[in-house]
Amino acid sequence: MKIYIDADACPVTRIAERVAKERDIPVVLLCDTNHVLNSDYSEIRVIGAGADAVDIALINLC
């Protein structure tokens, strides 16, 4: 199992990371080039800018 989060718009990213870490579930945060993310636990994937770029990348990963 792996958790994918559209981190551009998710208000509970840190809560999801904490719960995933407690259960040893990997997390991938997706964001566009207009956002800067930091995480000690999750893998961060920066997707090109565009109205639905992160949404499309998330769908493709699933």
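# A three-strand sheet and its helices

In strand E3, the residue that bridges to Val 28 is Glu 43. That pair is a handy way into this structure, which is a predicted model. Val 28 sits in strand E2, which covers residues 27-32, and Glu 43 belongs to E3, which spans 43-47. From here we can walk through the sheet, then the helices, and finish with the charged side chains and a nonpolar patch.

**The sheet**

- Three strands line up in the order E1-E2-E3, making an open sheet with parallel pairing.
- E1 and E3 are the edge strands; each has a single partner, so one side of each has no neighbour in the sheet.
- Going from one strand to the next, the twist averages 25°.
- Five bridges hold the parallel pairing of E2 with E3, while E1 and E2 pair in the parallel sense over four bridges.
- On the E1 side, Ile 5 stands opposite Leu 29 of E2.

**Strand E2: buried or exposed?**

- E2 is mostly covered, with six of its six residues buried.
- In a regular strand, side chains take turns between the two faces of the sheet.
- You can follow this along E2: Val 27, Leu 29 and Cys 31 point one way, while Val 28, Leu 30 and Asp 32 point the other way.
- Both of those sets are buried, Asp 32 included.

**The helices against the sheet**

- Helix H1 (13-22) lies across E1 and E2, and runs at about 160° to E2.
- Helix H2, residues 53-61, lies across E1, E2 and E3, at about 150° to E2.
- Ala 16 is part of H1, and with a relative accessible area of 23% it is partly exposed.
- Ala 16 and Ile 5 are eleven residues apart in sequence, and their C-alpha atoms are 8.8 Å apart in space.

**Salt bridges**

- How many salt bridges does a search of the whole structure find? The count is four.
- One of them joins Glu 22 to Arg 18, with the closest N and O atoms 3.8 Å apart.
- Glu 22 and Arg 18 are four residues apart in helix H1, so about one helical turn separates them.
- Glu 22 also meets Arg 23 in a salt bridge, at 3.3 Å from N to O.
- Put together, Arg 18, Glu 22 and Arg 23 are linked in a salt-bridge network.
- Within that network, Glu 22 counts as exposed because its relative accessibility is 54%, and Arg 23 is exposed too.
- Arg 18, at 47% relative accessibility, counts as partly exposed.
- Back at our starting residue, the side chains of Glu 43 and Arg 45 form a salt bridge, 2.8 Å from N to O.
- Arg 45 counts as partly exposed at 28% relative accessibility, and so does Glu 43 at 35%.

**A nonpolar patch on the surface**

- Which residues make the nonpolar surface patch? Val 12, Ile 15 and Val 19 do, and the patch is about 220 Å².
- Val 12 sits in the loop between strand E1 (3-6) and helix H1.
- Val 12 is partly exposed, at 40% relative accessible area, and a patch residue needs over 30%.

Methods:
Residues are numbered from 1 along each chain as its sequence is written. This is a predicted model: local features need pLDDT of at least 70, side-chain atom pairs count only at pLDDT 80 or more; totals for chains, interfaces and linings use all residues. Side-chain values use heavy atoms; hydrogens and water are left out. Patches are made of residues with over 30% relative accessible area and no salt bridge: like charges are joined within 9 Å, nonpolar side chains (Val, Leu, Ile, Met, Phe, Trp, Tyr) within 5 Å. Accessible areas come from the Shrake-Rupley method with a 1.4 Å probe; for residues, only the protein chains shown count as cover. Helices (H or I, at least four residues) and strands (E, at least two) are DSSP runs, numbered from the N terminus. Buried means under 20% relative accessible area, exposed over 50%, partly exposed in between (1.4 Å probe, protein chains only). Two strands pair if DSSP finds at least two bridges between them. Axes are lines fitted to C-alpha atoms, for helices over the stretch in contact, and angles run from 0 to 180 degrees between N-to-C directions. Contact means heavy atoms within 4.5 Å.
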